[in-house]
Amino acid sequence: MALDAETEAFLDLAEAEIAPWTAAGAAGRALPLPTEALPGVIENVALLQAQTRLFTTALGDAAGEAPEPFQP
């Protein structure tokens, strides 16, 4: 599955790189993160990264397969 460069860079972040990446991204967007909220935001970004990995892997595995029609 082809991903854009930003998504690839996000998925390539090591666990220890998520906190500085999150803080730098917020600062680059002039989005102040309260100190007490920062750990929760970092945890959410780490969860988002894990979910993105899961979905891109699943979609990559299904690449080229015909979609299944919805069956209620």
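Which element gives the largest share of the lining of the largest pocket? In this predicted model, that share comes from H2, which supplies four residues. The paragraphs below set out the fold first and then return to the pocket, the core and a few individual residues.

The chain contains three helices and zero strands, and its elements follow the order α-α-α from the N terminus. Helix H1 covers residues 5–11, helix H2 runs over 15–28 and helix H3 over 38–61. Of the 72 residues in the chain, 17% are buried.

The largest pocket has a volume of about 270 Å³. Elements contributing two or more residues to its lining are H1, H2 and H3. The lining consists of Glu 6, Ala 9, Phe 10, Trp 21, Thr 22, Gly 25, Ala 26, Arg 29, Leu 31, Leu 33, Val 41 and Val 45. Sorted by class, eight of the lining residues are nonpolar, two are polar and two are charged. For a reader following along in the structure, Phe 10, Trp 21 and Val 45 are good lining residues to keep in view, and each is taken up again below.

Attention turns next to the nonpolar core. In soluble globular proteins, nonpolar side chains tend to be buried together. The largest nonpolar core here has five residues, namely Phe 10, Leu 11, Leu 13, Ile 18 and Val 45. Phe 10 and Val 45 also appear in the lining of the largest pocket. Val 45 is a residue of helix H3, and it counts as buried because its relative accessibility is 14%, below the 20% cut-off. Beyond its neighbours within four places in sequence, Val 45 is in contact with Phe 10, Ile 18, Trp 21 and Thr 22. Its C-alpha atom is separated by 7.4 Å from that of Ile 18, although their positions lie 27 residues apart along the chain as a sequence separation. Ile 18, for its part, touches Leu 13, Ile 42, Val 45, Ala 46 and Gln 49, again setting aside residues up to four places away in sequence.

How many aromatic pairs does the model hold? The count comes to one. The pair is formed by Phe 10 and Trp 21, and it is classed as tilted because the ring planes meet at 40°, with the ring centres 5.1 Å apart. Phe 10 belongs to helix H1 and Trp 21 to helix H2, so the pair ties together parts that are 11 residues apart in sequence. The two partners can also be described by their accessibility: Phe 10 counts as buried, at 9% relative accessibility, whereas Trp 21 is partly exposed, with a relative accessible area of 40%.

Two further residues of helix H3 can be placed relative to helix H1. Thr 52 lies in H3 and, at 17% relative accessibility, counts as buried. Thr 52 is in contact with Thr 7, Phe 10 and Leu 11 once its neighbours within four places in sequence are left aside. The C-alpha atoms of Thr 52 and Leu 11 are 7.6 Å apart, while the two residues are 41 residues apart in sequence. Leu 48 is likewise found in helix H3, but this residue counts as partly exposed, at 44% relative accessibility. From Leu 48 to Phe 10 the C-alpha to C-alpha distance is 9.9 Å, across 38 residues in sequence.

Is Ala 30 buried or exposed? Ala 30 counts as exposed because its relative accessibility is 67%, and the cut-off for that class is over 50%. Its place is in the loop between helix H2 and helix H3. The backbone at this position also deserves a look: most residues other than glycine have a negative phi. Ala 30, although not a glycine, has a positive phi of about 55°.

Methods
Residues numbered from 1 in each chain as written. Predicted model: local features only at pLDDT ≥ 70, side-chain atom pairs only at ≥ 80, totals over all residues. Heavy atoms only, no water. Buried < 20%, exposed > 50% of the residue type's maximum accessible area, 1.4 Å probe, protein only. Core = buried A, V, L, I, M, F, W, Y, C linked by side-chain atoms within 4.5 Å. Contact = heavy atoms within 4.5 Å. Phe/Tyr/Trp six-rings, centres within 6.5 Å; stacked < 30°, edge-to-face > 60°. 1 Å grid on protein atoms, 1.4 Å probe; cavity = no way out; pocket = protein on both sides within 12 Å on 5 of 7 lines; lining within 4 Å. Points joined across faces, edges and corners; volume = space filled by probe spheres on them. Nonpolar A, V, L, I, M, F, W, Y, C, P; charged D, E, K, R; others polar.
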